[in-house]
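Here is a friendly walk through a two-part question: how is each chain built, and how do the pieces meet? Please keep the viewer open as you read.

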Amino acid sequence: MYHARRSTVSGIALVLVTAAALICIIGCGKKKETEVRQGPGVGMTAGVVLSVGGLGDKSFNDLAHAGLMKAAKDLGIRPVYGQPEQMAEDEKYLRDYAEQGFDLIVGVGFLMKTAVEEVAGEFPESRFAIIDCIVEEPNVASLVFREHEGSFLVGALASMKTRTGKVGFVGGMDSPLIHRFEVGYTEGAKYVNPDTDVFIAYVGSHTGAFHDPVRGKSLAISQFDRGAEVVFHAAGSSGNGVIDAAAERGLYAIGVDANQNYVAPGSVLTSMIKRVDVAVFRTIEEVVHGRFKGGLREFGLADDGVGYALDEHNRDVITPEMLARVEELKRKIVSGEIRVTDYYDTIAPDES
Amino acid sequence: MGDSGVALFFMTLLVSTLRKATPLILASLGGFFSEKSGVVNIALEGIMLFGAFVGAVVAQTTQNPWLGVLAAAGVGGAVAAIHATASIWFRANQIVSGLGVNLLAVGATIFLCEVYTGGQRSFMLSVSEKLPRWGPFLPLVYIALLMVPVVYLMVYRTRQGLRLRAVGEHPEAARTMGVDVQMTRFWAVVISGVLAGVAGSFLPFFAGSFAKNMTNGLGYIALGALIFGRWTPWGALAASLLFGSADALQEMLQGRGGVPSQFFQMVPYVLTMVALAGIVGRAIPPRALGIPLRKE
């Protein structure tokens, strides 16, 4: 018995030593940052805890990171960010930042809701912000976006572009937030042409669904095979597979959160942009200027918090007629003439 | 759906099934080598993840996807050698050692990806960095199918194959006959890693990008396919195709008829569990599976 245990231990030790050696060899090459900062925020620290997808999703997390880095550059704050391996670690990062006395702590994504609730309650003197959901604590700013409005517009564009009357949607994790995109998109597509078929698929029901480009791609292929010519993704880095499928087929994907038009120029019809970067930057700015307040802040079409992306990469695939039409729809939504269904209104409040 | 609609549906299903089955076939054949020699290999999952990452990085840095596949094979073999060393000479618990590799793979690939990309956890491959398509499929699909008879012949029709089976069934007898049990097992596990590494490299070449933990449990499903296939190459092929078709079907059925997506997503996993629970018949593992050879 003693022998068996010892051999198990040495087995594990071997694996660990190899890992450590590996990490040492590479870790030594890492650069240290020695930047001199200037601005009103010098001496302040903002910590951002990213969502499971991690940096490199060319979307949600990259935007939050961009907002933080802009604040470092323009305001001089010290930027810190963490990438938890899994949801269970979210709370650890948040608490760690709070204990270090950071001036603002941002939780990125609805998956962090309970973690932020918990930690914000424990540290009533610290300032928190959360993206994509509402935390009702006095020291938490809840930054939410009217995704359904932006999704309505890209749905309308998809429906105008497809020649088959069919469009697709690939969601990441099957969750209320992603249904908000889906419902808005479907409504936009059907507004332009009530006969539009909208195929809907989800990568999965676990957080891993936001980083599975293999399934993202095969779901998109399956929708293209059924005749869709445009597929909108709201799936984090799983969406990279959707864009790849569109490029391969010579058809169109629609990007999400960030402007992803450049990822495959000509194959990305447009992107449903969601200015997470602006939300993060503004909140840090408020802290720096002593104007931070807890509570709900909504970003919608009216203040360009959401929208569709138009740039040199997709100017050729969006015709002037499409542009005119979508601009008109945008005006109607802003004025209240068109009311886009908010998925959250259709479910019990607890579920969002 | 008219007649042509039905035909199209089945064509799509067939293509998708083969694509889904490819990494499963390669990895389960890998598992076959290891387990047939008597070493449990749940490290397939982690080895695939290493293969996916290294394959994508090498393809991108050299602009040659074939070198990526080779590198994935190499790193797969190297990582498997860790598991082999721990299991064979240190007589570590093979499940624990395999799990160690899997945990290491998740952490190490994320860390290395951040180093490679400057802080990101996924990156995309351009067209020239992906394998070319041969007809409807990537070359690895044909290679996977070809490997089935090759592995069969290697294990059941060669002298080395006989030794491999002998050390998995009755290592003491094999040793008496002069077979170096430990080295035979070592190489079997390394070959298993080579195949699993190649299986992993299929993922970024298909998806056009690497993302953290992109294997998402495929290695475990491959192990399920091996067991479901009763530890034979043909059985592993059949089981991989079955799992692949279940997965392809769930993707094609999603969003139809107002059934929640979770219902279809569950199908492949339920099937795996049914397989593993042995409802389809009792599978007999190699007799010495999981038991390290005692010193004389």
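The report below goes from a sheet and the domains of chain A to the build of chain B, one of its lysines and the contact between the chains.

## The model

Please bear in mind that this is a predicted model.

## The sheet in chain A

A good place to start is the open sheet of chain A, where six strands line up in the order β2-β1-β3-β4-β5-β11 with parallel pairing. The edge positions belong to β2 (78–82) and β11 (295–299) of chain A; each has a single partner strand, so one side of each is left without a neighbour in the sheet. On average, neighbouring strands of this sheet are turned by 20° against each other, direction ignored.

Which strand pairs with β11 of chain A over five bridges? That is β5 of chain A, residues 140–145, and the two run in the parallel sense. Within this pairing you can look for A:F145, whose bridge partner in β11(A) is A:F299.

## Helices on the sheet

Two helices of chain A are worth turning the view for. Helix α3 (residues 90–99) of chain A packs on the sheet and touches β1 (45–49), β2 and β3 (104–107) of chain A. The direction of α3(A) makes about 170° with that of β3(A).

Helix α9 (residues 276–288) of chain A lies across β1, β3, β4 (128–131), β5 and β11 of chain A. Relative to β3(A), helix α9(A) runs at about 160°.

## Two domains in chain A

The domain assignment splits chain A into domain 1, made of 45–145 + 277–299, and domain 2, made of 147–274 + 302–351. Taken over C-alpha atoms, the centres of these two domains of chain A are 26 Å apart. Their contact draws 16 residues from domain 1 of chain A and 18 residues from domain 2 of chain A.

On the side of domain 1 of chain A that touches domain 2 of chain A, helix α2 (residues 60–75) of chain A gives the most, with three residues. By class, that side of domain 1 of chain A has nine nonpolar, three polar and four charged residues.

## Chain B as a whole

Chain B holds 11 helices and two strands. Reading from the N terminus, its elements follow the order α-α-α-α-β-α-α-α-α-β-α-α-α. The radius of gyration of chain B is 19 Å, close to the 19 Å that the globule rule gives for 296 residues, so chain B is as compact as a globular protein of that length.

Along its principal axes, the C-alpha trace of chain B spans about 65 × 50 × 30 Å. Of the 296 residues of chain B, 56% count as buried. Among contacts in chain B between residues at least 6 apart in sequence, 78% join residues at least 24 apart.

## A lysine in helix α1 of chain B

Is B:K20, in helix α1 of chain B, buried or exposed? B:K20 is buried, with 26 other C-beta atoms within 10 Å. Leaving aside residues up to four places away in sequence, B:K20 touches B:G244, B:D247 and B:A248. The C-alpha atoms of B:K20 and B:A246 are separated by 9.5 Å, although the two residues are 226 residues apart along the chain.

## Where the chains meet

The contact takes 42 residues from chain B and 39 residues from chain A. Elements giving two or more residues to the side of chain B that touches chain A include α1 (3–36), α3 (65–88), α8 (181–207) and β2 (209–211) of chain B. The largest share of this side, 10 residues, comes from α4(B). By class, the side of chain B that touches chain A has 19 nonpolar, 19 polar and four charged residues.

Note on methods. Residues numbered from 1 in each chain as written. Chains lettered and ligands numbered in written order. Predicted model: local features only at pLDDT ≥ 70, side-chain atom pairs only at ≥ 80, totals over all residues. Pairing = 2+ DSSP bridges. Helix = DSSP H or I, 4+ residues; strand = E, 2+ residues; numbered from the N terminus. Axes fitted to C-alpha atoms, helices over the stretch in contact; angles between N-to-C directions. Contact = placed C-beta atoms within 7 Å. Rg over C-alpha atoms; globule rule 2.2 N^0.38 Å. Buried ≥ 20, exposed ≤ 12 C-beta atoms within 10 Å, placed from the backbone. Nonpolar A, V, L, I, M, F, W, Y, C, P; charged D, E, K, R; others polar. Domains from an automatic or database assignment.
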